[in-house]
Number of protein chains: 2
Amino acid sequence: MSVLTPYQIRQQCRSGAFSDNTSGFAPGFVQANMAILPKQYAADFLQFCHFNPKPCPLLGMAATPGAIDMPSLAKDLDIRSDLPKYRVFKDGKLTDEVTDVREIWRDDLVTFLIGCSFSFEESLLADGLEIRNITEKVNVPMYRTNIACTPAGVFHGGMVVSMRPMLPADAIRAIQICSRFPQVHGAPVHFGDPAAIGINDITKPDFGDAVSIKPGEVPVFWACGVTPQVAIANAGVDFCIAHSPGHMLVTDLTNSKLSVL
Amino acid sequence: MSVLTPYQIRQQCRSGAFSDNTSGFAPGFVQANMAILPKQYAADFLQFCHFNPKPCPLLGMAATPGAIDMPSLAKDLDIRSDLPKYRVFKDGKLTDEVTDVREIWRDDLVTFLIGCSFSFEESLLADGLEIRNITEKVNVPMYRTNIACTPAGVFHGGMVVSMRPMLPADAIRAIQICSRFPQVHGAPVHFGDPAAIGINDITKPDFGDAVSIKPGEVPVFWACGVTPQVAIANAGVDFCIAHSPGHMLVTDLTNSKLSVL
């Protein structure tokens, strides 16, 4: 399966043949977080992304409300069917998990695509660095922090961070590599003492799974794409569609195109 | 005095009018560490620099034994007189500190110039970061470590590091900035636990002065230009001339020219 092109994966999502986690599929290609909101929220959400580029790096936005394509990121895209799995939220609550949202699509819905850490993890692995959550075959641990996002309209909340433990010399190398990728969260925002950013127990992530931290390693924290989901929940929007965690939109853009250097 | 050009400073060194520490003079211009060795050691020392580019980033080497100029780095240079102060070593021991070495110059002496942390400190300050040793008006603290340099011929020894305490978020920014300057030690080599690199007491530097470390800060360690001096001492070379600490060669090269990005 891993030799499928991004277009083939999207086509299999559309036909219903593929509904899995996309981790490890289409190596080298950008995978994106997705948020779809009614147009009355779109200007505020765009501003929230603009104000908070590290947790909410905007890769793309639909040209108009109702548009289902995004030609600059994916050929022949139908955003309503080309992800493997969707979550539907009403009044801030998860109401459904489906493989297709064509039946509930509305002409006032605006699609946003946000960068994902899969892109920089690929570059870290290519450099020979270990990524603990990959080694231990679990989801990356994520934590709520006391780092406040800059609010915009109805959207507000604390930054969520992902954590990867590393030896200090490896963390320095990871900072260099991730600095080249500002559109997929960029350099870490913190390392070392979890309490300094409001994390009380590093062994109990708020999202994802705990990973082991070995002697000599420090936790390294990156701004995380779960942040906008928390802001959307805080905003109490009446309707929202998002990707199901780990079930991303696979785009035609290569990760190397996101490198600014 | 700080408005003097590099050329004017070198001329005042030559005439004897200037014999001070060069810190803060000629802002924007590269200042260099200097080592002058008899030619029988030159090939080994060049190899040592090549093998250990982080502590020994070679900015320049005299074209031939006995040459007193380095046209690519400094106009009309006479390396025998154009630094404010020199140290002379015989059989590994400091025997003299002078403002001019014309009388002891020999036709077999080979000059090496090595990058200095003054260059990256300027970029850190320009970005708004605090450098504690500058704030506290002392020399940067430096420590011997258990990080082994790669030996070359007679030259060998552990890496010496300089230390600047920072909050983690500032350390991440410093890593980004210093990564642009590989010829002046580049990114840090370690942060956090001093014992992990063989430093037993952070309050007792082996060279320079101690600085305060405030709550929430971590020590950040850079490869240091004192490393080649230790290797030269270990090699037991019979004759060597070096700059006096802090009394550097001020070159005509701007720091911005050392940026690889």
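The following paragraphs describe strands, a cavity, a helix, backbone angles and cysteines in a predicted model.

Residues are numbered from 1 along each chain as its sequence is written, and chains are lettered from A and ligands numbered from 1 in the order in which they are written. Because the model is predicted, local features need pLDDT of at least 70 and side-chain atom pairs count only at pLDDT 80 or more, whereas totals for chains, interfaces and linings use all residues; side-chain values use heavy atoms, with hydrogens and water left out.

A suitable starting point is strand 10 of chain A, which spans residues 239-243. Helices (H or I, at least four residues) and strands (E, at least two) are DSSP runs, numbered from the N terminus. Five of the five residues of strand 10 of chain A are buried, and the strand is described as mostly covered. Here buried means under 20% relative accessible area, exposed means over 50%, and partly exposed lies in between, with a 1.4 Å probe and protein chains only. Phe239(A), Ile241(A) and His243(A) point one way from the strand, while Cys240(A) and Ala242(A) point the other way. In a regular strand the side chains alternate between the two faces of the sheet.

Strand 10 of chain A has antiparallel links to strand 1 and to strand 3. Two strands pair if DSSP finds at least two bridges between them. Strand 1 of chain A (residues 29-38) is joined to strand 10 of chain A by two bridges, and Ala35(A) stands opposite Ala242(A). Strand 3 of chain A (residues 86-90) runs antiparallel to strand 10 of chain A and is joined to it by five bridges. In this second pairing, Arg87(A) has Ala242(A) as its bridge partner. Ala242(A) thus faces Ala35(A) and also Arg87(A).

Strand 3 of chain A is also joined to strand 4 of chain A (residues 93-98), again antiparallel and through five bridges. Within this pair, Tyr86(A) stands opposite Val98(A). The two strands form a hairpin with two residues between them, and in it Asp91(A) takes a positive phi near 50°. Asp91(A) counts as exposed because its relative accessibility is 58%. Another non-glycine residue with a positive phi is Asp76(A), at about 55°, which is placed in the loop between strand 2 (58-61) and strand 3 of chain A. Most residues other than glycine have a negative phi, and most peptide bonds are trans.

A further set of strands in chain A forms an open sheet of four, in the order 6-7-9-8 with antiparallel pairing. Its edge strands are strand 6 (142-148) and strand 8 (190-191) of chain A, each of which pairs on one side only. Strand 7 (residues 158-166) and strand 9 (residues 218-223) of chain A pair over six bridges, and Val161(A) has Ala223(A) as its bridge partner.

How many cavities of 30 Å³ or more does a search of the whole structure find? The search finds one, and the largest cavity has a volume of about 60 Å³. On a 1 Å grid over the protein atoms alone, a cavity is a set of points where a 1.4 Å probe fits but cannot get out, and lining residues have an atom within 4 Å of a point. Grid points are joined across faces, edges and corners, and the volume is the space filled by probe spheres set on the points. The lining of the largest cavity includes Asn33(A), Met34(A), Ala35(A), Ala242(A) and His243(A). Strand 1, helix 6 (227-235) and strand 10 of chain A each supply at least two lining residues, and strand 1 of chain A gives the most, with three.

In chain B, helix 6 (residues 227-235) has buried residues Thr227(B), Pro228(B), Val230(B), Ala231(B), Ile232(B) and Ala235(B). Among the elements that cover these residues, by contact (heavy atoms within 4.5 Å), are strand 1 (29-38), helix 2 (39-51) and strand 10 (239-243) of chain B. Just after the helix, Gly236(B) takes a positive phi of about 65°.

Finally, the cysteines: a search of the whole structure finds zero disulfides over all chains, a disulfide being a pair of cysteine sulfur atoms within 2.5 Å. Why does Cys224(A) form no bond with Cys116(A)? The sulfur of Cys116(A) is the closest cysteine sulfur to that of Cys224(A), but at 8.9 Å it is too far for a bond. Cys224(A) is buried, at 7% relative accessibility. In chain B, the sulfur of Cys116(B) is likewise 8.9 Å from its closest cysteine sulfur, in Cys224(B), too far for a bond, and Cys116(B) is buried at 4%.

Methods. On a 1 Å grid over the protein atoms alone, a cavity is a set of points where a 1.4 Å probe fits but cannot get out, and a pocket is an open set with protein on both sides within 12 Å along at least five of seven lines; lining residues have an atom within 4 Å of a point.
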